[in-house]
Structure formats: structure tokens, C-alpha cells
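Here is a short briefing on a predicted model. It takes up one helix pairing, then the nonpolar cores.

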Amino acid sequence: MRQSRAPFYALIALLFVAGLSMTWLRHKTHDVPWLPGEKRQVWSVEARVEFEAQGEPVKVSLAVPQTQTRFERLAEYTASPGYGLAFVENGRERRAEWSIRNADGPQTLYYRLDLLVDPSLAVADTAPPLEAPSNLFDDSPHATSALHLLDNAVERSADNFTLARELILEFNLQKQSAGFLEQRQARSRWLKQLLNYAQVPAREVKVLTLEDGRRRQRLQTYLQVFQGDHYQLFDPRSGRVGLSPNQVMWEYRSGSVLELIGGSQSDVSFSIINQEIPVSQGLEKRAIISRCWNFLFIPCL
């Protein structure tokens, strides 16, 4: 009687399915590529901090981004000869802080960040607390004009996102009133304050547009508006919703981009390079855990 090979074939099928499952798990969990030689896009952003030291102790604090939707923080580097350096986290805000006992004359510090592009990456965010905009409670012409724009926008809105959209549209339609208000403070600040006044969580965020080979790039101010656990980003000028695929939020905790003690005439600009690296190289950088040392371009994760 011929022996059945069914158990043998069943075992082969089981091993095949187990192998596929392990490969899929490695791909999803550790981002191991399906095919050899696969590459990923990486943006290298160098922040150049310049200021005039005044012959006294200096402390410099620069906002630096965390991993966020579409962009994973892969590695970071600093160039700060003679300066002490620490990375400080306060809640979800992260900053690079340089310090020195004495400095005089022109100073330049460098911070470089490698961002791995991952279209499937989604990072949740939390709404900021509402701020009471004190300048909207006085009887000044600015407060009256601002609240009039808000009232018009509220009538045409249905939720937080549509209110933000209609409020920006109102600023664009009422050019005379908008110009009058912007003599006192920036439009994005008015929008944030008016939305907070209407019990809508919102904050200003600083956005960097990534363009290969671009030097002396500047940050743009956007408006981040929350509704429950979701948020949308608005261009305060055009009202356009969302960021383009090559825009990254640099500062998004309602803080300052750059703070300086012991100096003056501070400025920060950005240089950007686009590159492709093998996935294996990206995985190596993810696995490295090292401290930040005050040497030239020493990596720290």
C-alpha cells in the first residue's frame, strides 16, 4: 500500500507560511525591505545659528523637531567647538542647548538633522490648552474689529476646521480691517487668539519647506487647529489646508524657535540636501544609541 505524502506537503506548507509571516513581521515591525538594494529618501537639514556674543556667559536654545507624521528623526549632529551641549526635553518639546562661560564677537553654531521619509508613518498629537487672549477683552478698536471678523466667520462655520477656514477667508475679504489689525501683531497670532476665544484649540507652528540644494531657507508660520483627537494645518495667508509632502514642522509646541542669553543679533537659517540611502544604512542608524559630545559633527540619537 502506497504511503500518503499529505503530512509531508502539509509540513512544507506550514513552514512556507511561517517563513512568510516572519518576513512580513520583520518588514512591518523593523522596516526590513522586501527586496535587496532598496533605498529610502532622507532629507539632511542643517540649521546655522549666528549671533554676536557680548563678552559674557552665553546660553543658546534651539527648537529641534521630533519624529512626526511622514518624517522619522534618523540622526542628528552638532558642530559647536568650545561650547557645552545638551538636548533637553520638556513634555513633548525638544531643544538643543549650547552654553559657554565666556564668548565675544561673531559666533556660529551648527545643528544637522537627518529625516527619513516614511509615507506610512502617522504620529498623533495633543491639543494645546486654550489661552485667554487679554487684548480681546478691552474696548480698543483692534478688539472690536477682530471680534467683528470672528462673528462673521462663526455664522458661516459648522465646526472647528470650517471656523478656521472661514476666519482666514474673512481676513482676506476684509482687507482694510485685516491691515489695521496686522499693524498691531501678526495675522497668525490674531487667528490663534480669536480661535482660542471661540473655544477652539489652536497654535502657531513653524514649518520648513524642504528643497534640495536650498540655502538660507527660512521657516514659515502655519496654524494648527484641533478638533478632538484630530488636527489640520492652515496657511494663514491663503487658507490652504495641510502641508505638502516636502514640508516638515520644525517647532510645534507654541515656543520660540531660538532663544539667546548673553548675545544679540541672533539669526537662524537652514540648508537642505536630499539624498537616498540603502535601507540597511538607515536601520543601522536607528540602532545606534549614543550620547552627544561637544565635538565636530558627532552623531547623537
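Helices α2 and α4 cross with left-handed geometry. Helix α2 spans residues 141-155, and helix α4 spans residues 175-182. Their axes come within 10 Å and cross at roughly 135°. That angle lies between the limits of 115 and 145 degrees, so α2 counts as oblique to α4.

**Contact of α2 with α4**

- From α2, the residues that take part are Pro141, His142, Ser145, Ala146 and Leu149.
- They meet Ser177, Phe180 and Leu181 of α4.
- By class, this contact has five nonpolar and three polar residues.
- Charged residues are absent from the contact of α2 with α4.

**Largest nonpolar core**

- The largest nonpolar core holds 31 residues.
- Leu62, Trp98 and Tyr111 have the most contacts inside this core.
- Five strands each supply at least two of its residues: β1 (39-63), β3 (84-90), β4 (93-117), β8 (247-251) and β10 (263-278).
- Strand β1 gives the most to this core, with nine residues.

**Surroundings of Leu62**

- Neighbours within four places in sequence are left aside in the contacts of Leu62 given here.
- Leu62 touches Trp98 and Tyr111, which also rank with Leu62 for the most contacts inside the core.
- Its other contacts are Ala47, Val49, Arg94, Arg95, Ala96, Val257, Leu258 and Val268.

**Second core**

- Another core lies apart from the largest one and has 23 residues.
- Leu150, Trp190, Ala202 and Phe234 are among them.

Note on methods. Residues numbered from 1 in each chain as written. Predicted model: local features only at pLDDT ≥ 70, side-chain atom pairs only at ≥ 80, totals over all residues. Heavy atoms only, no water. Core = buried A, V, L, I, M, F, W, Y, C linked by side-chain atoms within 4.5 Å. Buried < 20%, exposed > 50% of the residue type's maximum accessible area, 1.4 Å probe, protein only. Helix = DSSP H or I, 4+ residues; strand = E, 2+ residues; numbered from the N terminus. Contact = heavy atoms within 4.5 Å. Axes fitted to C-alpha atoms, helices over the stretch in contact; angles between N-to-C directions. Parallel < 35°, antiparallel > 145°, perpendicular 65-115°, else oblique. Left-handed = near helix turned anticlockwise from the far one by under 90°. Nonpolar A, V, L, I, M, F, W, Y, C, P; charged D, E, K, R; others polar.
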